[in-house]
Structure formats: structure tokens, C-alpha cells
Amino acid sequence: MNRFYLFLLLIVAAVSCQPIDVFEKTKFFPKHEWSSKEKPSFTFEITDTTSLYNIMLVLRHSDAYRYNNIWVKLNIKSPDDSTSLRRQFVLANSAQGWLGSGMDDIFEHRLPFNDKPAPLKAGTYKFTLVQDMREDPLDHVLNVGIRVQKVN
């Protein structure tokens with residue numbers, strides 16, 4: 001029976017050593033405010049051009065955040081092009097309250113920039129985030145970042 005558990009442990013260890021097909025980084029704001037002058041940038045490398053990718057905004061805020069949405073600009077420098085997107089993300093509604101996952105008074109949202117998974121070219125990408133709200137600095141924002149996830 002001990003050999004069975006050893007064999008099972010080896011299988012679990014081998015499977016768990018597979019690479020995670022995700023890039024995720026966030027920028028922490030020590031004063032819990034995001035100024036439009038602070039433009040967090042994230043650089044990552046794409047090598048697999050046969051897969052599709054989801055690109056998401058990662059946002060953490062406290063319950064004291066005053067809006068049910070956020071406007072964000074995403075500047076993308078790809079291997080052969082540059083583009084900019086401006087998106088409004090809904091964070092709450094009157095029926096459910098905050099839509100992200102929460103613990104105590106902190107809420108996290110992972111919100112898609114792209115409507116459907118997209119192919120990416122091989123090379124280095126640089127994503128820069130800019131908050132585009134009327135309030136500046138934007139209070140009660142703890143972290144903001146990017147998640148790029150390979151779709152299997």
C-alpha cells in the first residue's frame with residue numbers, strides 16, 4: 001500500500017511541475033490612491049503564437065471606493081505596433097453590490113480588456129495603465145495590474 005501512495009505522490013509532483021501559462025503583476029499604491037501621473041508598466045515575453053490569450057485588468061480597492069465603475073487607458077507596445085484602448089469597467093451594481101471577490105473590506109476584480117481570446121505575436125510586450133477618472137488622485141485603490149492568461 002505504501003508503494004501506491006509513493007506512486008501517486010510522484011504523479012502529482014510531475015503534473016504540478018507544469019509551467020503556469022499566466023503573467024500577472026500588480027503595482028501597490030502605499031497611500032491607497034492612484035494618481036493619473038502614476039502609470040504602472042508591465043513587460044512580458046510571448047513565445048507561443050499558436051495559443052490565444054485573455055488580457056485582464058486586476059484591480060483591488062477598499063469598500064470605501066466611491067464609484068461603481070472605473071475608466072482605464074491601456075497603452076500597448078507590441079513587438080511591431082503600438083495602440084491604446086480606453087475602457088470603462090463596471091465594479092458594482094445595485095442588485096449585487098461589488099461584483100469582484102471580497103474579503104473583509106477589500107475587493108478584487110479581474111476584468112477582461114478583450115471580448116474574446118486573442119492571438120499575440122512573438123516578442124516583448126509592454127502594457128501601461130493610466131486611470132482616466134475625473135477624481136485625481138483616485139482614492140481607495142490599493143493595487144492595479146495586468147493578467148495575461150493563455151487559453152487552453
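Strands here are DSSP runs of E, at least two residues long, and they are numbered from the N terminus. With that naming in hand, His32 in this predicted model sits in the loop between β1 and β2, the latter covering residues 33–34. The backbone of His32 has a phi near 60°, which is positive even though the residue is something other than glycine. His32 is partly exposed, as its relative accessible area comes to 34%.

His140 shows a similar story at another loop, the one between β13 and β14. Here phi is about 70°, again positive in a residue that is not a glycine. With a relative accessible area of 26%, His140 is partly exposed.

Taken as a whole, the chain has one helix and 14 strands. Of its 152 residues, 36% are buried. Sequence-distant pairings are well represented: among contacts with a separation of 6 or more, 77% join residues 24 or more positions apart. The accessible surface of the chain is about 9,600 Å², and carbon and sulfur atoms account for 55% of that.

A third histidine, His109, belongs to strand β10, which runs over residues 106–112. Because buried means under 20% relative accessible area, His109 counts as buried at 2%. Leaving aside residues up to four places away in sequence, His109 touches Leu57, Val58, Leu59 and His61, along with Leu91, Trp98, Leu99 and Gly100. Gly100 turns up again in a polar contact: its backbone nitrogen is 3.3 Å from the side chain of His109.

Next comes the stretch around Ser35 and Pro137. Ser35 is placed in the loop between β2 and β3. Its relative accessibility of 17% falls under the 20% cut-off, so Ser35 is classed as buried. A polar atom of the Ser35 side chain lies 3.1 Å from the backbone nitrogen of Lys37. Beyond residues up to four places away in sequence, Ser35 is in touch with Gln131, Asp136 and Pro137. Two of these partners, Asp136 and Pro137, are joined to each other by a cis peptide bond with omega at about 5°. Pro137 itself is in the loop between β12 and β13, where β13 spans residues 138–139.

On to the pockets. The largest pocket has a volume of about 360 Å³. Its lining is made of 17 residues, and those nearest the centre are Ile55, Ile76, Ala118, Pro119 and Leu120. Two or more lining residues come from each of β5 (69–77), β6 (82–90), β11 (118–119) and β12 (123–131). The biggest share is from β6, which supplies three residues. Sorted by class, the lining of the largest pocket holds 10 nonpolar, four polar and three charged residues.

The second largest pocket holds about 160 Å³ of space. Its lining has 13 residues, with Asp21, Val22, Glu45, Ile46 and Tyr53 nearest the centre. The elements giving two or more residues to this lining are β1 (22–28), β3 (41–46) and β14 (141–151). By class, the lining of the second largest pocket divides into seven nonpolar, two polar and four charged residues.

Strand β6, the top contributor to the lining of the largest pocket, is also home to Gln88. Gln88 is partly exposed, since its relative accessible area of 36% lies between the 20% and 50% limits. Not counting residues up to four places away in sequence, its contacts are Asn69, Ile70 and Trp71. For Ile70, the separation from Gln88 is 18 residues in sequence, while the C-alpha to C-alpha distance is 5.7 Å.

How values were computed
Residues are numbered from 1 along each chain as its sequence is written. This is a predicted model: local features need pLDDT of at least 70, side-chain atom pairs count only at pLDDT 80 or more; totals for chains, interfaces and linings use all residues. Side-chain values use heavy atoms; hydrogens and water are left out. On a 1 Å grid over the protein atoms alone, a cavity is a set of points where a 1.4 Å probe fits but cannot get out, and a pocket is an open set with protein on both sides within 12 Å along at least five of seven lines; lining residues have an atom within 4 Å of a point. Grid points are joined across faces, edges and corners, and a volume is the space filled by probe spheres set on the points. Helices (H or I, at least four residues) and strands (E, at least two) are DSSP runs, numbered from the N terminus. Ala, Val, Leu, Ile, Met, Phe, Trp, Tyr, Cys and Pro count as nonpolar, Asp, Glu, Lys and Arg as charged, and the others, Gly among them, as polar. Buried means under 20% relative accessible area, exposed over 50%, partly exposed in between (1.4 Å probe, protein chains only). Contact means heavy atoms within 4.5 Å. Accessible areas come from the Shrake-Rupley method with a 1.4 Å probe; for residues, only the protein chains shown count as cover. A polar contact is a pair of N or O atoms within 3.5 Å; within protein, one must be able to donate a hydrogen and the other to accept it, and residues adjacent in sequence count only if both atoms are side-chain atoms.
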